[in-house]
Each structure stands twice: as structure tokens, then as C-alpha cells.
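Q: Please take one part of this model and examine it closely, strand by strand, before moving outwards to what surrounds it. A connected account would suit me better than a list.

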Protein chains: 2
Amino acid sequence: MLSEFDLIARYFTRPPRDAGAVPLGVGDDCALLAPPPGMQIAISSDMLVEGRHFFPGADPSQLGHKSLAVNLSDLAAMGARPLAFTLAFALPSARPDWLEAFSAGMLALADAHGCALIGGDTTKGPLNICITVFGAVAPGLALRRDAAQPGDDIWISGTLGDARLALAGYRGEVTLSDDALANAASRMHSPTPRVALGQALAGLAHAAIDVSDGLAGDLGHILARSRVGALLEVDALPAGPVLAGHDLALRRNFTLAGGDDYELCFTAPPARREEVLQAARDAGTVVTRAGTITPEPGLRLLDANGRSLDLQPASFDHFTAP
Amino acid sequence: MLSEFDLIARYFTRPPRDAGAVPLGVGDDCALLAPPPGMQIAISSDMLVEGRHFFPGADPSQLGHKSLAVNLSDLAAMGARPLAFTLAFALPSARPDWLEAFSAGMLALADAHGCALIGGDTTKGPLNICITVFGAVAPGLALRRDAAQPGDDIWISGTLGDARLALAGYRGEVTLSDDALANAASRMHSPTPRVALGQALAGLAHAAIDVSDGLAGDLGHILARSRVGALLEVDALPAGPVLAGHDLALRRNFTLAGGDDYELCFTAPPARREEVLQAARDAGTVVTRAGTITPEPGLRLLDANGRSLDLQPASFDHFTAP
């Protein structure tokens, strides 16, 4: 059987590409990171549990990708440039085929973003993946949740709801063709963190969050921390390509409350609309304007005719969910 | 039931004491850390799994302490000054009494070391605690595993073996009085990370590691990475106060191969013995000299008369252990 040390050496140890930024990588009591001079370090940690964040038996390559993607998405939501990450995980057993696919999926995404694996921990236990990611952002430029201003536009990157639609397909809540399910499911299994867009928005947008638990709830965090409210044009929300073919009620529900899309929701002053659109073009990501920040607290939902909608979208919560 | 957000707000959110060092703490997509100018960031991540690293039903206050202590011990082994940590954990259910004790045990140790909780994640799942810790160390001064030099003294902080003795007591491998078990078990449940000693040794000692899996194996990591060997005087190893009352064979076995003590094993030039002893006095920690680094590879064990001992101490490995 592979020992813990063999496993780390074989699947998770590579010489750092940039020894200036990472003077010491995997294999000591700590890794050493040399922060870029004058920059702040953005830090996020996400834990993924089998049966809760992913299905038992999930494809290991996709799981490796997704585990890092959700963390990179947090850096994107701060406007930070990825530097490095640590990986701690518990596995029921050290299966070489699983580990090879898992590490390949994870390290391919890491390489695409220049994000070095610098350390971590492995142990035996129920499958659990915990990544902590580090990024660089200039002081004062981070996209904080508490920085939305009345009058700001509300923007959404990419499209929403296809990850939730795939979950509904798996659960039999919605009938989908095999092709439709496969397309929608790719959003759930292989989310694309909006890293380039986030960096392009630093210093341009005011507030940002990544949409992981559902837009209504996640935007709600911006509103609460910024002590503002919002008018949200529900029918202007960009539905995923599969969801877009479904009826209005489902589109509204899943764009508003579907989680796992890992798009960015951000606010920016109307005077900077052109710059926002240019930043999105430079980053290769579509962005859609879908509302306005208001001084009055609360989230008000509007239909395409500007009439109030009385929907009750529920965000996902790990301890109150069934 | 407590929601994830209530739980974080109630038990794990406090304003950062030092807003200069932590411009943004718990509650956004990322925390922001302002690195001390010119310093490198030492980073370590440890995952603790119920039934493997601690007993089911473990005292939550001690568990909170230990979860952070094992991470601070990694900073100590690099000579780094604690700055901050993130906490990600999975819980079967959000029980307020358990969470209150767990956070109190953890945050008391954090406060004692000026180490701010800056972010993390909570989710439902089999009990699993993953902490990532950040410390500051000046470039070139970190105590690396690859820095031992032939001729260096080998030093051990504190005492070894009582944590392993407690495990033997719980397992019925050794008969202990209630008092003896309680005393030995305090080393297992509430380890003391040697943070002050580690910092005092930075720039003075050559190599260091913390003893988590057993001295023979952990020293072996220094030897392998430094491409050196060692003569280790087994009977000079400082046995824990409870273990010290047991027979020679048990003392040898548990000081050599017992894990979970979280003492430091470090090497330093003989010319700096007085400085090492002064650093230990300043840090309030006893240190004991118990061997020498050799140019020839391999770990050779000696008895009190300098004769070779043929013992086969086994370090703990999570994937090859039963």
C-alpha cells in the first residue's frame, strides 16, 4: 500500500516554478511564501465533503478541478491574482488510479492560473477535501462585500442556473434529455472561476461576491454588509444555455436561487459601464447588467415590466438544509 | 437550528485586534493579510479526523486547543512568529454547547499567541477539522529540514513519550493508575506548541522538525532531506514524567517512536551550545542534547555506554497503519 509520504511525493510534489515567490514548497513543516512587495494576501479556505458538495463516486479529475476552482473563485471575487494553495484531504484509502486523476485535474487548473501547490496534509478518513488559496491584491483595491454604493449597477458574469438545473435533472425534479443533462452538468462539475475578470475589476467595481449558494442569498450578503438594498430585474438575469430553453418560472427560480455556478455578482458605478464592459471583453467573459443598488435596505425583485415579483428564493445553508 | 451564518457569527467572529496586520477578517470571500514588510510567510495546513487523530466524543475544548496547537507547532518548527489562521470544519450537527467549548479552547490558545482567526468554512459532514496557519519569518532564517550539517548537535525540547504512554493506557497495552493516565493524557489532549523556542532558534539552529509521528521517523526526515546521518543516544532522550517511572524497554520505545508530543527536534553547531541553552531559558522550555549529525547516512541508535542498539522504531503513517 502507498504510504502517506509516497502518495505526496508521487502525486502532489513538483518543484516550484517560481522559486522567488515560493522559496520552499511541499515537504517541510511549513511552506514559505515570499509576498509580492507592497501587496496584501487574499486568503480563502473551502472544504468539500462527499455526499454534500459532490456525489459519492464523483469523477476524480472533475473533483480535483472543482475543489480548486471554488477556491480560485473566492480569489476572483476579491480581485486577487492567484499565487499558491495548500491541499489537505482525507481519503478512505490511497487508490493510485483515483489519486492520479484527482491530482491531474487539480494541477491542470492550478497551472492554468500560475497557482503553485505549496503544501498540505493527507490522512485516512471519510472523503474530505480542504483547500486554502492565496492571492495578491494591492491595498485598497480588493472587491469587498461591504463596498456597494447606492446607485451602483448590479452585474452578473456568464450565466446562472445550469448547475442547479443539472441537480434537478439528477434528482428527477425536471426531465432533461441526456445531452441537456450532460451540458448542464458540466457547469456543476467543472465550474470556471472568473479569475481574469475579477482582477480586471479590482479598482473599477465596488463590491463583489461569487455566486455559490444562489444569487439572491449571495447578493444579500453584499446588501447586508454594505447596508444598502437592491432592485433586481429577475428576467434580465442571464440564464444558462440549457436553462434558457425552459419555462419562465423555472428560469426565475434557478437563476435566482441556484447555487454552484461560481459566477461573479458585482456592483459598479453607472459612470464606469463602458470600462466594465471593456474589462469583461479583455477577460473573455460576458457580463450582464441586472439591477441597481438602492439606499433603502432589502432586495426587491422586478419582472421585465418593472413590476414587483413576490418570489421567495432560498439560498443553500449547510446546517438548515435537509 | 443554527444556520451556517449564525454559527460563524456567534462562535468564530471577532474584530481583528490588529487591523493593520489583518485589514479584513471573517465574513468576505477572502480575508486580507498585510504581510510584515520584508518577511516571508510560513504556511502549514493540518487536518484532524475523528477516530484517527482524536477519539469520538473527545472533549471539545481540548479538541479546539489541540487542533490549533498542532498547526502552531509547525510554525514553531520553522522558527516563525504566528500571525493568523483559517478554520474549515465539517460537523455532523451544529450543537451550541459543543461549538461554544470548541471555539473557547481554540481561541484561548490563539489569543495566547496573538494569532487571529481570519476566515474559513463550515459544512455538515463527518467531524473533520482543517486549520491553515500563517506565520512570519525573516528571509534565510527559517529552520528547514534540509539544513542539518555534519557535526551538529541533536537537541530535543521538553519531554517525549507521555502522549504515546497515554494511548497505550487507553488501549490496555500498559496498566496505569488513574492519576498516571490523566497526567500522561494531558500531553496527548493538550499539547504545548514550542512557539517561543522556535522563534528564539531562528538564525541559531540549523534544521528543525516537530515530533508528531515519532522522533525516529521525524528525525529521519531531517536526515533524508539534509543527506546526512545521525548517532542518537537513546537513553539520553528526555522521557515524559509519567513514562520516566517505567522500565527501560518501554522508555526507549516510546521516546523513540511515540507520536503526538509536539516537541521540537533541532540541530545546531556545537559552538553555539551556550546560545541554544540561553534561548531555551528565555523561552521557558528545557532542551536536551541527545546526539550528533554524521556525514554517513542512516540513523544509528546508541545506549548509555555508547554501544549500538538494534531497535526498530516505527513511525506512524496514516495509510499503512491499521
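A: Two strands are taken to pair if DSSP finds at least two bridges between them, and the strands (E, at least two residues) and helices (H or I, at least four residues) are themselves DSSP runs, numbered from the N terminus. This is a predicted model, in which local features need pLDDT of at least 70 and side-chain atom pairs count only at pLDDT 80 or more, while totals for chains, interfaces and linings use all residues. Residues are numbered from 1 along each chain as its sequence is written, chains are lettered from A and ligands numbered from 1 in the order in which they are written, and side-chain values use heavy atoms, with hydrogens and water left out.

The part to look at is an open sheet of five strands, in which E1 of chain A is followed by E2, E5, E3 and E4 of chain B, with mixed pairing. Strand E1 (31–33) of chain A and strand E4 (116–124) of chain B stand at the edges with a single partner strand each, so one side of each has no neighbour in the sheet. From one strand to the next the twist averages 20° (axes are lines fitted to C-alpha atoms, for helices over the stretch in contact, and angles between N-to-C directions run from 0 to 180 degrees). Within the sheet, E2 (residues 40–49) and E5 (residues 128–137) of chain B are antiparallel and share 10 bridges; as a landmark there, Ser45(B) stands opposite Thr132(B) of E5(B).

Two helices of chain B accompany these strands. Helix H3 (residues 96–112) of chain B packs on the sheet, where it touches E3, E4 and E5 of chain B and makes about 165° with the direction of E3(B). Helix H2 (residues 60–78) of chain B lies across E1 of chain A as well as E2, E3 (81–91) and E5 of chain B, at about 35° to E5(B).

With a strand of chain A in the sheet, the wider meeting of the chains deserves attention. Here 70 residues of chain A are in contact (heavy atoms within 4.5 Å) with 70 residues of chain B. The buried area, meaning the accessible area (1.4 Å probe) that two parts lose on being put together, summed over both, is about 5,500 Å² between the chains, and carbon and sulfur atoms give 60% of that area. Four salt bridges are counted between the chains, each being a side-chain nitrogen of Lys or Arg within 4 Å of a carboxyl oxygen of Asp or Glu; one of them joins Arg145(B) to Asp28(A), at 3.7 Å from N to O. Because 100% of the interface residues of chain A are also interface residues in chain B, the copies meet through the same surface.

This arrangement can also be described as a whole. A turn of 180° with a shift of 0.0 Å along the axis lays chain A on chain B with an RMSD of 0.0 Å (least squares on the C-alpha atoms of residues with pLDDT of at least 70 in both copies). The two copies are thus related as by a two-fold rotation axis.
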